[in-house]
Amino acid sequence: MVPNNPDDPIIETRGLAKHFGDVRAVDGIDLTIGRGEIYGFLGRNGAGKTTTIRMLLGLIRPTAGQVAILGTPIQPGQQSIFARVGFLVETATAYPNLTVTENLDIQRRLTSAPGGAVAEIITQLGLGQYQDRRAGTLSLGNKQRLSLARAMIHKPDLLILDEPANGLDPAGIVEIRLLLRHLADDNGVTVFVSSHILPEVANLVDRIGIVHAGKLVEEMPIADLHAKSRSFLEIVVSDPDRAAALLGDRLGMETIERHPNGALRLFDGLDRTPEIAKVLVDAGLDLSRLATDEEDLEAYFLKLTEGAY
Ligand code: ATP
């Protein structure tokens, strides 16, 4: 079951598909994810993320294609991989009337983790002050921490997390990010994490795959994605149409876009702000903003998955 070679993929799918009647929820996805890698699986609501994850875990049967996890081909109902895989697929499947400690102790016994594992994971997930609280009374964020604790208690080699940031506040997201980074870098744990919010995972993952309408539309190292976010000069001016015409005529600037908020965005000549200001002001236009900025990653992601609604 252990991959023979450290370079062997931890997750591998070929032509993975799941159709529900006419709905092609997942439509031929090939994934190859290595040891110690944190992979972000991104897509809008309904893109096919959860369905893919359920097939990775053998919870539902693919319509077509194959999955291998840690070198083992996955068939529905297969339990053998769970000793080495931790997963979070839905919030709060904990027993609501049992305490945090009791819930974790049940999970510890199910996964044959050692006695000290409960205290250790409570500390790791910052659940110390809630350990004697009943799970059902926890805030959404702390329920999510408990779900993560249950996924990680047996120190799995692979963590599959569906929208793990759900309910966490920004500080909680940073904390979980640091913990996952540590597990990947220091313990070689592979993390597969889904999200519909790119900035939420952009600082965590090594690579992203963007899924749209059941297909993997793009896959790239996160560094490449950061490089793709374009810099621009934003101009807020009293008469944007005239301003765009003037910049074209006088300064030869062509790559000008009109943002929905009314501002102009220039994608070249970013170093020519004094000339730009002069042309506009000399023409009697009222210039209220002239500043460089960077397109956020979210904009890029939305562009790739345009027309989803
Ligand atoms: P979300 O972020 O909203 O969870 P997702 O990317 O996880 O979205 P999926 O839950 O995988 O998306 O759903 C993909 C598509 O498959 C959707 O159109 C959904 O309605 C459909 N679907 C999922 N499960 C079923 C099912 N059991 N029966 C019919 N259609 C389904």
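**Close-up views of a predicted protein–ligand model**

**Figure 1. Polar contacts hold the eye at the ligand.** Glycine 48 offers a polar backbone atom that sits 2.8 Å from an oxygen atom of the ligand. Please keep in mind that everything shown here comes from a predicted model. Alanine 47 also takes part through its backbone, with an N or O atom 3.0 Å from a ligand oxygen. Threonine 51 instead uses its side chain, where a polar atom lies 2.5 Å from an oxygen atom of the ligand. On its own the ligand has 630 Å² of accessible area, and the protein covers 58% of it.

**Figure 2. Which residues surround the ligand?** The shell is made of Phe20, Val23, Ala25, Arg44, Asn45, Gly46, Ala47, Gly48, Lys49, Thr50, Thr51 and Glu163. Sorted by character, these shell residues divide into 4 nonpolar, 5 polar and 3 charged. Two elements, β2 (23-33) and α1 (49-56), each supply at least two residues of the shell. The most comes from α1, which gives 3 residues.

**Figure 3. Glutamate 163, a shell residue with an unusual sign of phi to look for.** Glutamate 163 is one of the residues that surround the ligand. Its place in the chain is the loop between β7 (158-162) and α5 (170-187). Phi of glutamate 163 is near 50°, which is a positive value in a residue other than glycine. Is this residue buried or exposed? Glutamate 163 has a relative accessible area of 12%, and because the cut-off for buried is under 20%, it counts as buried.

**Figure 4. Leucine 70 in its loop.** Here is another residue other than glycine with a positive phi: for leucine 70 the value is near 50°. Leucine 70 belongs to the loop between β4 (64-69) and β5 (72-73). With a relative accessible area of 1%, leucine 70 is buried.

**Figure 5. Phenylalanine 82 and phenylalanine 87 as a ring pair.** The count of aromatic pairs in the model comes to 4. In the pair of phenylalanine 82 and phenylalanine 87, the ring centres are 5.3 Å apart and the planes meet at 45°, so the pair is tilted. How accessible are the two partners? Phenylalanine 82 counts as buried at 17% relative accessibility, whereas phenylalanine 87, with a relative accessible area of 32%, is partly exposed. A further pair is made by phenylalanine 232 and phenylalanine 267, whose ring centres lie 5.8 Å apart with planes at 50°, so this pair is tilted too. That pair links distant parts of the chain, 35 residues apart: phenylalanine 232 is in strand β11 (residues 231-237), and phenylalanine 267 is in the loop between β13 (264-266) and α9 (273-282).

**Figure 6. Around phenylalanine 232 and phenylalanine 267.** Both phenylalanine 232 and phenylalanine 267 are buried. The loop between β13 and α9 also holds glycine 269. Glycine 269 counts as buried, at 17% relative accessibility. Its C-alpha atom is 8.9 Å from that of phenylalanine 232, although the two residues are 37 residues apart along the chain.

**Figure 7. An aromatic cluster.** Which residues form one aromatic cluster? They are Tyr39, Phe41 and Phe192.

**Figure 8. Glycine 214 in a loop.** Glycine 214 can be found in the loop between β9 (207-212) and β10 (215-221). Its relative accessibility is 0%, so glycine 214 counts as buried. From its C-alpha atom to that of isoleucine 256, 42 residues apart along the chain, the separation is 34 Å.

**Figure 9. The chain behind the close-ups, and how far to trust it.** The protein chain has 10 helices and 14 strands. Its C-alpha trace spans about 75 × 45 × 40 Å along the principal axes. Of its 309 residues, 48% count as buried. The mean pLDDT is 89, with 95% of residues reaching 70 or more. Where is confidence lowest, and where is it highest? The lowest is in helix α10 (residues 297-304), at a mean of 72, and the highest is in strand β1 (residues 11-20), at 97. Where pLDDT is low, predicted coordinates should not be read in detail.

Terms used: Residues numbered from 1 in each chain as written. Predicted model: local features only at pLDDT ≥ 70, side-chain atom pairs only at ≥ 80, totals over all residues. Heavy atoms only, no water. Near = heavy atom within 4 Å. Polar contact = N/O pair within 3.5 Å; in protein donor to acceptor, adjacent residues only side chain to side chain. Areas by Shrake-Rupley, 256 points an atom, 1.4 Å probe, with all protein chains shown as cover. Helix = DSSP H or I, 4+ residues; strand = E, 2+ residues; numbered from the N terminus. Nonpolar A, V, L, I, M, F, W, Y, C, P; charged D, E, K, R; others polar. Phe/Tyr/Trp six-rings, centres within 6.5 Å; stacked < 30°, edge-to-face > 60°. Buried < 20%, exposed > 50% of the residue type's maximum accessible area, 1.4 Å probe, protein only. pLDDT = per-residue confidence, 0-100.
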